[in-house]
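Thanks for sharing this one. Here are my notes, as numbered points, to read with the structure open beside you.

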Amino acid sequence: MKYLLYTIFFSLFISCSSDDGGEVADDVVCTTSVEPSFRITVRDAVDNSLLEGVTVTALENSFSAILALESPGVYIGPNERTGTYILSIEKVGYQTVTITEPQIVTLTENRCHVATIESTYQLEVN
């Protein structure tokens, strides 16, 4: 039994080696930070004030997430999730804005975190 375990461990060690004749990836050192897929700022269209109490929803196929309030008028989320999204921005008393042009979230060049999409939208009073 002991020899079987040694054999399995050695096989795994060898199979995980980066020297397999293919391209060797650059060494990437990732941070432990968590990055949001979106950082959306929402303002009033008349006076340009930041709006709180807004529901910003990111939709991708059957996945949906309501973005969290990061600071007054700024909404973030979902965390570290790539994809192609449609955004919906709603607030009582204001016209709903739906961003139907696909918002594509990709990984950053270092492949550790998403490249956060940062946008500002203005809502008009009904």
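1. Ser-71 stands opposite Val-74 in β5. The model is a predicted one, so please read this pairing, and the points that follow, as features of a prediction.

2. Ser-71 belongs to strand β4, which spans residues 68–71. Strands β4 and β5 run antiparallel and are joined by 3 bridges. Together they form a hairpin, with 2 residues between the strands. Have a look at Gly-73 in that turn: its phi is positive, at about 80°.

3. Which other strand pairs with β5? Strand β1, made of residues 36–44, does so in the antiparallel sense, over 5 bridges. For a place to start on screen, try Phe-38, whose bridge partner in β5 is Gly-77.

4. Why is β5 described as largely enclosed by the rest of the structure? The strand covers residues 74–79, and 5 of its 6 residues are buried, so the description follows from that count. Buried here means under 20% relative accessible area. For the protein as a whole, buried residues make up 29% of the 126 residues.

5. Stepping back to the overall layout, the protein has 1 helix and 8 strands. Along the sequence the pattern reads α-β-β-β-β-β-β-β-β.

6. Two whole-protein values may be handy for your own calculations. Of the contacts with a separation of 6 or more, 59% link residues 24 or more positions apart. The protein exposes about 8600 Å², and carbon and sulfur atoms supply 54% of that area.

Notes. Residues are numbered from 1 along each chain as its sequence is written. This is a predicted model: local features need pLDDT of at least 70, side-chain atom pairs count only at pLDDT 80 or more; totals for chains, interfaces and linings use all residues. Side-chain values use heavy atoms; hydrogens and water are left out. Helices (H or I, at least four residues) and strands (E, at least two) are DSSP runs, numbered from the N terminus. Buried means under 20% relative accessible area, exposed over 50%, partly exposed in between (1.4 Å probe, protein chains only). Contact means heavy atoms within 4.5 Å. Accessible areas come from the Shrake-Rupley method with a 1.4 Å probe; for residues, only the protein chains shown count as cover. Two strands pair if DSSP finds at least two bridges between them.
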